[in-house]
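Let's take a friendly look at a protein model together. Have the sequence and the 3D view ready, and we will go from domains to single residues to the place where chains touch.

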Amino acid sequence: MKSFLGFVRKEALHLLRDRQTLAILLLLPVIQVLIFGFAVRTDVREIAIVIVDPTPDLATLELRDRVAASDRFRVVRVAPSTSQLDAQFRASMVRQALVLPRDVARRIGRGDSLPVQLLTDGSDPNTGGIMQGYATAIVQRWYADLAPSRASLQIQALSRMRYNPTLESSHLFVPGLIAFVLTIVSAMMTAISITREKETGTMEMLLVSPIRPAAIVAGKVTPYVALGFLSVLLVLIVARVVFEVPLRGSLALLLAESGLYIVTALALGILISTQAPTQRTAMIFALAGLMMPTLLLSGFIFPLDSLPVWLRTISYVVPARWFLIVVRGIMIKGAGLATLWQETLVLVGMTTFLLLAGSRKLAIRLG
Amino acid sequence: MRIIFFLVRKEFLQIFRDHTTVVQIFMIPIVQLLVLSNAATFDLKQTRVLVVDEDRTTVSAGLVQRLEAGRQFRVVRAEPTTTGVEHALLDREVTATIHIPRDFESDLVLHGRAPVQLVLNAEEGAAVGIVQSNAGAILDSYAAELERSLPRLTRRQSVVGTATLDLRTQRWFNPTRNYKHYMVPALMVALTTIIGLLLTAQNITREYELGTLEQLNVTPMTKVQFIAAKLIPFWLLSLVIFSIGLTIGKLVFGIPMRGNLLLVYLALMVYLVVVLGLGLWISTITRTQQQAMFVAFFVILIFLLMGGLFTPVDSMPDWAQAVAQANPVKHFVFIMRAVLVRGAGLETVAAPIVGLALAGMAVLALAVNRYHKSTA
């Protein structure tokens, strides 16, 4: 026990001595959450739209006003003809075009049908669909107000957005960022600290010391657990104070789960480092190997429900996927352990497996 | 020139000697492109819903039936009352609950309108907007269907003429709404960038840590030669990786190539200088590989999340859009999507390519300037 404590002390000193790295480790997650919490948004605004209005009259002016008044749209130009539309779309100068026929007011007055064309840049199907929805709603409301139509049968959907009624992007992304940044930073930290000892040859020295491999691993990880926890606290403070992300569940539970997840991520780093001979391979693996899967298979940006079934099965091995459900559950939905016990159990299982596999691999290598 | 050639050869020998690294460099982007291209989508496959039908009439049953008929919704549970329904949302058992109140049918017959309560789990944000509009579309089409079949007691308003709004919508460039056409080019950029930036960022610090940098420093080569020799191998390697990615994109995912492929490569060659030069610059300002990696990680994350790959740049706040202007990934992803998906020509992408070229020169100058042949 004494030798173990000494070892932990050595690791802590390593960490504290390198002020520059320490600062990077602590500040990086906070800065990232700050930047992305503000910058990453999924709502669609400022859609560049062109209105083609060959014969302006009162009715079309009214429509133009309505489009311009909406903060969803930015009217780039009002054109008399469609001649330049193609080039403008291709050059990405406009994302939407609303093409009105001639003599709109007269047609409405006479009760003729009114053919209106709505062109949307659909290269991104999601944004395309949303843009089309916004423009359609404006045109339909304008028409309903101008032309008396028959009252048709109506089933009204009264929607309620539960847990995030304003669909605030930061409430959605900040918990995701916590999971994401923790994974990468923690996994990378341990992976590098262990492979560095290998590369510089000091691992040999540890090998001949009476400390057991499992204790070496534990000693390596302990200071990083503390560091990771500190980083979580900072990020949570930013989330609460700056973004006002709600914390509807229990803070103690959130901290406990975060602690568990830090160990999971660190254990992942240990496993990587036992496989990697050099810092280079360890880092490529930790960064290039973990970054995109954690980003795309965890539900951080793209919802898990949209994954094809085979890929959803693969996503089960991504630890961040489970932690993200836990963080969002506690913060946004106010869920307790009664709802989240399954995810917690999965994380515990993963951690145990990773730790066992890691220390076993290390023992074999050193033995 | 000969000096550069030998140094490039040395770098290649060092890379290819380390088999683990070689496998990583090629396999990680390829495997991830193949797998993750299927993940980057907002196209919800099936939304699990819980239905509370308090009306229990043929009309309400018909609504449930219409929901189940499409492939967008799957009714996983039906409850007689709303008690305890909340829990299914909390538990993530369902994404939405639909509550058809009592008197649904009679309201429709008597008043011509009836409400349906839709509660959505908005924990995942934007995605529920799609669920909402899907549900709305089903309700609308069911209403139109009932319009013809259901007896109505309300008097219809007298109408002048048969005025109707004939709104025709068209979505250009991606009529099949295939996410892969949009995301695969972006993922190719992301993966090439990650690998290239990581390799260059740790390259010089590694030599510094291992002490071999001193040996290079005592040779007669100049600073420019040194940086050039470090850049060229990874530039070639990244070109190869990207080309493999492009081939996979075409053969496996069938991404469109409407524009000129030469234009893509022209942009790529310039873009790689920016990214790899940036990596080398990071490598000259950091002391340990650990530091180099964290800085590289930070830069990559900013590049990717603020590059319009996953979320639209237009939606970002103004300051973030201004920052994004300095993001090479944003410009290159724009060029890729413009040329491949929209078939844009040189006149559209010339400005960003020139911008990238200027950035490339600036970054290289920085790297050369920061690199000192003597250790302090």
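How far apart do the C-alpha centres of domain 1 of chain B and domain 2 of chain B lie? In this predicted model, they are 47 Å apart. If you want to find them in the sequence, the domain assignment of chain B gives residues 8–40 + 177–370 as domain 1 and residues 47–149 as domain 2.

Next, some backbone angles. Most residues other than glycine have a negative phi. A:Glu244 is not a glycine, yet its phi is positive, about 50°. B:Arg56 is not a glycine either, and its phi is also positive, about 50°. Here is where to look for each of them:

| Residue | Phi | Loop | C-beta neighbours within 10 Å |
|---|---|---|---|
| A:Glu244 | about 50° | between α9 (213–241) and α10 (251–275) of chain A | 12 |
| B:Arg56 | about 50° | between β1 (47–53) and α3 (58–69) of chain B | 13 |

Is A:Glu244 buried or exposed? A:Glu244 has 12 other C-beta atoms within 10 Å, so it counts as exposed. B:Arg56 has 13 such neighbours, and therefore counts as partly exposed.

Finally, turn to where the chains meet. In total, 105 residues of chain B are in contact with 102 residues of chain A. Several elements of chain B each supply at least two residues to the side that touches chain A, among them α2 (19–36), β4 (113–121) and α7 (179–210). Which element gives the most to this side? That is α6(B), with 13 residues. By class, this side of chain B has 56 nonpolar, 32 polar and 17 charged residues.

Key
Residues numbered from 1 in each chain as written. Chains lettered and ligands numbered in written order. Predicted model: local features only at pLDDT ≥ 70, side-chain atom pairs only at ≥ 80, totals over all residues. Domains from an automatic or database assignment. Helix = DSSP H or I, 4+ residues; strand = E, 2+ residues; numbered from the N terminus. Buried ≥ 20, exposed ≤ 12 C-beta atoms within 10 Å, placed from the backbone. Contact = placed C-beta atoms within 7 Å. Nonpolar A, V, L, I, M, F, W, Y, C, P; charged D, E, K, R; others polar.
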